[in-house]
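Thanks for coming. I will go through one structure today, element by element, and explain the terms as they come up.

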Amino acid sequence: MNWNLLSEVLISAVRMATPLLFVALAELYSERAGLVNIGLDGIMAFGSLVGFLVCFWTGNPFLGVLCGALGGVLVNMVYAFCTVTLAGQQIVYGMALNIFAPALASFIYRVVFGVSSTLAQATLMKTVSIPVLKDVPFLGKLLFDQTPMVYGVYLLVIVTAIYFNRTKSGLNYKAVGEYPKAAETMGINVVLHKYIACILCGFLAGMGGAYLTTCYVNTYSDGIVAGRGFIALAAVIFGRWSASGVLLACLLFGFFDAMQLRLQVGTDLIPYQLFQMIPYVMTLIALTIFGSKIAGPKSKGKPYYREER
Amino acid sequence: MNEILRMEHISKQFGDFYANKDINFDVRKGEVHTLLGENGAGKSTLMNVLIGLYQPTEGSIYLHGEKVHIESPAQAVRLGIGMVHQHFMLVEAMTVMQNIILGDKRYKGLFINHDARRKEILELSWRYGLNVDLEAKITDISVGTQQRVEILKALYRGAELLILDEPTAVLTDIEVEGLYSVIEKLKSEGKSIIFISHKMREVLHVSDRVTILRAGKTIKTLEASETDGKELANLMIGRELVECEYRKAEATGEPVIELKHVSYNKASKHNGLNDVSLAVRCGEILGVAGVDGNGQSQLSQIVTGVTMAEAGEVVLKGCRVSHMTAADFIEKNVSHIPEDRNRMGLVGNMTVEENLLLKSTQNCAFCDANGWHLKKKAMRAYAETMRAKYDIRCQSMEQEIRSLSGGNQQKVILARELEASPDLLVAVHPTRGLDIGATRYVRDTMIEARDKGCAVLLISADFDEVLQMSDRIIVMFEGKVMGEYSGKNPPIQAISLAMAGK
């Protein structure tokens, strides 16, 4: 493999990893507050549609991303109300999002564009190169010639790491996911934290969805999310519920995604579907190896009600 | 003397059930006021009302003479009320220091000022004699130390009124002494303490005043100096309590189960067995004494077939057990009162009746066609007999078992396990968390089973229980058997030393 090819695959890996990273961070914030949200795929689908529509109408991809994120928050509030206020089963409502949100997105798309064979196209977000740094050989193009979304997500990884490891507020936030009753007796508002977690989760997952239609391809189609929400879910487990771990996991999954794309181009003999499997197979393998150990926030997945006896 | 807390006419209702009814209670500055009552008397509920975890259905709370409405634990903390819960409110994945500063709102700023906080906490711990390693993780420290962290946590938040909910339940004798001195220190600094307990001895030792609760109501408030254990016990259970002593078994029969040089997870001091040999004979109770977490759990799992020994031999009724499951042990008439009744002994969401029959689903008295059809009527009739025979108090047989009190849950397990007249009964902490009445009942029933010829292996962290009931006693320490002693006039001093590994 020559330098150019490697560089190409890596650049593609970074691009593939970005939406995963947004969504994995969304899940990290959710699980750290004890809420396992498996509805990421649904939130992403809705975010990708809203992002696309706004971008299509206004021609402004940034506005598209913002609205996609807000759309994600809106959808996730259903989950928040059911799991926090009504203390319902998280898996059930997560699954409900997965069924409901993509269907809603698909419905809205057809209402707006009708059923036609031509795809509506919107503007793609332009890359912003950082002067000087982008000319560093090899790394320059990889790290400093990307869309602002990519810079944003890496900044977010750093902020998240600092937040959870260094700040008072981050400590309180983690306590909610570990032992909500203890947090409550320490004067931490558990319900408020869980709602904040849902807002953050919806926002970031919606953003991850909108990235797909504003930075990655310039159209919306059903199934565009393609299970990325579940891969992000795996990335959180693989990354041991830490920001840096999640970053590594997403880059790894992104790399496999880029590699399979590259391999598809390279050969005619092997059906391309086989290569398409690679990221999902890697997810399975990662979960088999790392998912078995009990880890992560202790009360994740458990409903919390204060007056429980 | 100035009063700092007064609770008037407090009632708390859960559904149709009153956990607290018209309770009056007050605390003065610098005193230890004990709330005494059996399990389910409403002590914890009352305290949860005080710290704002529950909202009272009726009644009012006065702090320093002013009426307050405590809506959340956060507010209770602000008002200077700190509680050390029976089940510790500590985040295991975090360090001692992180747990103490959790939720602290007194200092502004985004980041944690570690040095300043550490200095402040160390000062407090020195002042009250609460030594802890601030950097240790909660999972790595002993239960006694965890309790010190809880007290420190409350003091760090400026608690003036400290609630200790059954603080000695989880401590060893030495740790209890340490707790007493901490309480003295707190009193001398002018803090007030609400002490919750159902152990007479310690109540008389630490309290200034005692309030007795029974069935959710206040019975009486007494000066500790003007009462004695007997009066308190009678008030608490509402009838005369007769001290009892069990007769020790004279002759014993053949061994029912024998362990020969059994090891399991040898490397672990707290979760393994190391070269354990013992035998339990017909018609005797073999008591296993020792501080919790010295291999008792593993022992109980091996003698009931839940796990298999890694080395050594297990002989059950003369056959060597090598590949047997828990089901095979049950087939061989081994009964098990597991250590955690909620997790291992019962299915919480199933009814009382169903739990009673968990082991009898293949019994043709209760089902046809190899268990494909259950005979509901026969099941009901059987359950009703058990209810009468074992004095299980519940609203109906259809009630979910988790809504029963601990004592009644234990009676359901006893009924299920003893009705088969087992050859071997393995009872692990059979009276843990039970009140006096229920404890007495469980012990009587086990003695009765022994007298019928059942071999009983009693594993308990309650030393008094082991002494009272056992015909022979062995002591476990770090997975090893430290020695065997006679149950008749046991050498208490030697056994205590063995429990500490000496």
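Helix α5 (residues 143-156) of chain B lies across β6 and β7 (161-165) of chain B, and its direction makes about 170 degrees with β6(B). Such angles run from 0 to 180 degrees between N-to-C directions, with axes as lines fitted to C-alpha atoms, for helices over the stretch in contact. Helices (H or I, at least four residues) and strands (E, at least two) are DSSP runs, numbered from the N terminus. This is a predicted model, in which local features need pLDDT of at least 70 and side-chain atom pairs count only at pLDDT 80 or more, while totals for chains, interfaces and linings use all residues. Residues are numbered from 1 along each chain as its sequence is written, and chains are lettered from A and ligands numbered from 1 in the order in which they are written.

On the same topic, helix α8 (residues 229-237) of chain B packs on the sheet. This helix touches β3, β9 and β10 of chain B, and its direction makes about 30 degrees with that of β9(B).

Now the sheet itself. It is open, has 6 strands in the order β6-β7-β8-β3-β9-β10 (chain B), and its pairing is mixed. Two strands pair if DSSP finds at least two bridges between them. At the edges are β6 (81-84) and β10 (217-223) of chain B, each pairing on one side only. From one strand to the next the twist averages 20 degrees. Within this sheet, β3 (residues 32-36) and β9 (residues 209-214) of chain B pair in the parallel sense over 4 bridges, and B:His33 stands opposite B:Arg209 in β9(B).

Next, another sheet in chain B. What is the order of its 4 strands? The order is β12-β11-β14-β15 (chain B), in an open sheet with antiparallel pairing. β12 (273-281) and β15 (319-321) of chain B are at the edges with a single partner strand each, so one side of each has no neighbour in the sheet. Here the twist averages 20 degrees from one strand to the next. Strand β14 (residues 311-316) of chain B is joined to β15(B) by 3 bridges, and the two run antiparallel. B:Leu316 has B:Cys319 in β15(B) as its bridge partner.

Let me turn to strand β13 (residues 285-289) of chain B. How many of its 5 residues are buried? The count is 5 of 5. Buried means that 20 or more other C-beta atoms lie within 10 Å of the residue's own; with 12 or fewer it is exposed, in between it is partly exposed, and C-beta atoms are placed from the backbone. B:Ile285, B:Gly287 and B:Ala289 point one way from β13(B), while B:Leu286 and B:Val288 point the other way. In a regular strand the side chains alternate between the two faces of the sheet.

β13(B) pairs in the parallel sense with β20 (residues 455-459) of chain B over 4 bridges, with B:Ile285 opposite B:Val456. β13(B) also pairs in the parallel sense with β21 (residues 472-477) of chain B, over 4 bridges, and there B:Gly287 stands opposite B:Ile473.

Strand β16 (residues 334-337) of chain B is covered on both faces: B:Val334 and B:His336 on one side, B:Ser335 and B:Ile337 on the other, are all buried. It runs parallel to strand β19 (residues 424-428) of chain B, joined by 4 bridges.

Now a helix, α14 (residues 406-418) of chain B. Why is α14(B) described as largely enclosed by the rest of the structure? Because 12 of its 13 residues are buried. Among the elements that cover the buried residues are β16, α13 (376-389) and α15 (436-451) of chain B.

By contrast, B:Ile492 in helix α17 (residues 492-499) of chain B counts as exposed because it has 11 C-beta neighbours inside 10 Å.

Last, the two chains. Which elements give two or more residues to the side of chain A that touches chain B? They are α7 (168-178) and α8 (180-185) of chain A. In total, 20 residues of chain A are in contact with 21 residues of chain B, where contact means C-beta atoms, placed from the backbone, within 7 Å.

Notes. Two residues are in contact if their C-beta atoms, placed from the backbone, lie within 7 Å.
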